[in-house]
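Hi,

Here is the structure I promised to pass on. Have a look at it first, and then read my notes below.

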Amino acid sequence: VECIDDVDMADQVLHRKNSHKSNVLSEWDIPPDQLEITELIGTGRFGPVYKGRWHGDVAVKMLDIDMSDEEQLQAFKTEVSQFKKTRHDYVVLFMGTYLKPPKLAIVTSLCRGMTLYTRVHQRGERFGMNKAIVLATQVAQGMGYLHAKGIIHKDLKSKNIFLENGKVVITDFALFSIMRLSRENRRPNVMVIPDGWLCYLAPELITALRVDSSGSSDRELPFSTTSDIYSFGTIWYELLAGCLPFHKELAESIIWRVGKGIKQPLTHLQASKDVKDVLMMCWNYNPEKRPEFTDIIKTLNRLPKKRGGLHRSPSHPLHLSRSAES
Ligand code: ATP
């Protein structure tokens with residue numbers, strides 16, 4: 001009798017464990033009849049994003065994932081379990097998943113304002129040094145938080161940074177792994193390189209891309225916290241220069257240069273050595289020599305602020321230096 005009781009109990013424990021497993025997502029599921037999808041905001045390389053309503057305005061990111069594919073569903077669940085751990089002022093709020101087969105979506109808070117990309121590259125806005133430092137510090141703080149939570153962004157770029165009332169909001173973190181598995185991206189021997197993406201990719205990723213292009217397109221790229229740091233370097237450059245590094249170069253040329261360790265020259269940048277040094281540290285060819293976000297925040301805080309607004313004060317001349325470019 002004792003034996004049967006034990007088996008019974010073990011069964012119950014197992015059942016509870018399994019039902020807990022299958023419930024991992026359900027606590028974040030938004031009942032489909034409660035979510036109202038209103039209008040299309042835009043379509044990115046991974047699919048459409050809609051404006052919706054669920055206890056207020058939300059953004060609904062539709063994902064093209066084959067629900068019958070266990071591998072894809074598992075990758076989705078793993079990434080989503082990461083999102084729900086996040087809560088930071090500079091990181092978009094994950095609100096839940098929307099599941100109405102065949103539709104699957106991620107629901108986040110709706111970002112107001114424009115992306116850093118739109119502000120800098122489409123509207124041609126230039127931020128003064130003080131503002132650039134503030135924005136970069138906020139990005140570094142949000143990213144440092146994600147890294148502390150064990151999350152690698154993998155797609156940090158100015159299109160994924162919103163500016164909302166002077167505050168940054170980082171979006172689209174960790175979606176890259178999910179979308180790598182999406183139907184569109186699973187075509188064999190096809191490597192889709194979106195415009196403006198390469199300049200955020202660290203040399204070790206670029207090199208892996210080169211290997212990949214002759215073989216399978218489905219291999220995992222070696223993203224890491226240090227490859228996120230490299231991408232941050234590119235954002236710092238955009239804030240300072242108002243353009244993307246290598247913006248006049250063809251994709252093949254960028255891949256060749258970055259793979260060889262050649263960096264965007266900085267001679268045209270009107271900035272001090274300390275400011276350029278942040279770039280060089282983040283863009284270091286050796287991933288292990290790149291700083292962490294905590295170091296970057298300290299360095300940014302030490303940069304001299306200009307008194308009285310955005311323009312250089314004659315009493316605080318900038319050191320112009322090339323030595324930072326080595
Ligand atoms: P890419 O495909 O190269 O990443 P993208 O960033 O434009 O480009 P998506 O991230 O899919 O692609 O975004 C599509 C549109 O939806 C963009 O206009 C983007 O700014 C907008 N968007 C994405 N997330 C949100 C959000 N949380 N709130 C408001 N708008 C958003």
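**What I found**

Let's start with Thr137: if you skip its neighbours within four places in sequence, Thr137 is in contact with Ile297, Leu300 and Asn301. Keep in mind throughout that this is a predicted model. You'll find Thr137 in helix α4. Is Thr137 buried or exposed? Its relative accessibility is 9%, and buried means under 20%, so Thr137 counts as buried. One more thing to try with the distance tool: Thr137 and Leu201 lie 64 residues apart in sequence, and their C-alpha atoms are 21 Å apart in space.

Stay in helix α4, which covers residues 129-148, and you'll come to His147. His147 has a relative accessible area of 17%, so this residue is buried too, given that the cut-off is under 20%. Which side chain does His147 meet in a polar contact of 2.8 Å? That would be the side chain of Asp228. Asp228 also turns up among the contacts of His147 outside its neighbours within four places in sequence, along with Ile152, Thr225 and Phe293.

Next, the sheet. It is an open one with five strands, and the order runs β1-β2-β3-β5-β4 with antiparallel pairing. At the edges stand β1 (36-44) and β4; each has a single partner strand, so one side of each has no neighbour in the sheet. From one strand to the next, the twist averages 30 degrees. For a closer look at one pairing, take β1 and β2 (residues 47-53): they are antiparallel and share seven bridges. Glu39, for instance, has Lys51 in β2 as its bridge partner.

While you're in the sheet, look for Lys61 in strand β3, residues 57-63. Lys61 is a buried lysine, with a relative accessible area of 17%. Its side chain and that of Asp172 are joined by a polar contact of 2.8 Å. Neighbours within four places in sequence aside, Lys61 is in contact with Pro48, Val49, Leu104, Ala105, Ile106, Asp172 and Leu175.

Now the rings. How many aromatic pairs does the structure hold? There are five. One of them is Phe83 with Phe94, a tilted pair at 5.4 Å centre to centre, with 55 degrees between the planes. This pair links distant parts of the chain: Phe83 belongs to helix α2 (residues 70-83) and Phe94 to strand β4 (residues 94-100), 11 residues apart. Both Phe83 and Phe94 are buried.

Phe83 has another ring partner, Phe173, and here the arrangement is edge-to-face, at 5.5 Å centre to centre and 85 degrees between the planes. Again distant parts of the chain are linked: Phe83 is in helix α2, while Phe173 is in the loop between β8 (167-170) and α5 (175-180), 90 residues apart. Phe83 has a relative accessible area of 3%, and Phe173 counts as buried at 4% relative accessibility. Put together, the ring pairs link Phe83, Phe94 and Phe173 into a cluster.

A last item for your tour is Lys159, whose charged end sits over the ring of Tyr117, 5.1 Å from the ring's centre.

Cheers

Technical notes:
Residues are numbered from 1 along each chain as its sequence is written. This is a predicted model: local features need pLDDT of at least 70, side-chain atom pairs count only at pLDDT 80 or more; totals for chains, interfaces and linings use all residues. Side-chain values use heavy atoms; hydrogens and water are left out. Rings of Phe, Tyr and Trp (its six-membered ring) pair if their centres lie within 6.5 Å; planes under 30 degrees apart count as stacked, over 60 as edge-to-face and the rest as tilted. Helices (H or I, at least four residues) and strands (E, at least two) are DSSP runs, numbered from the N terminus. Buried means under 20% relative accessible area, exposed over 50%, partly exposed in between (1.4 Å probe, protein chains only). A charge sits over a ring if NZ of Lys or CZ of Arg is within 6 Å of the ring centre and within 35 degrees of the ring normal. Two strands pair if DSSP finds at least two bridges between them. Axes are lines fitted to C-alpha atoms, for helices over the stretch in contact, and angles run from 0 to 180 degrees between N-to-C directions. A polar contact is a pair of N or O atoms within 3.5 Å; within protein, one must be able to donate a hydrogen and the other to accept it, and residues adjacent in sequence count only if both atoms are side-chain atoms. Contact means heavy atoms within 4.5 Å.
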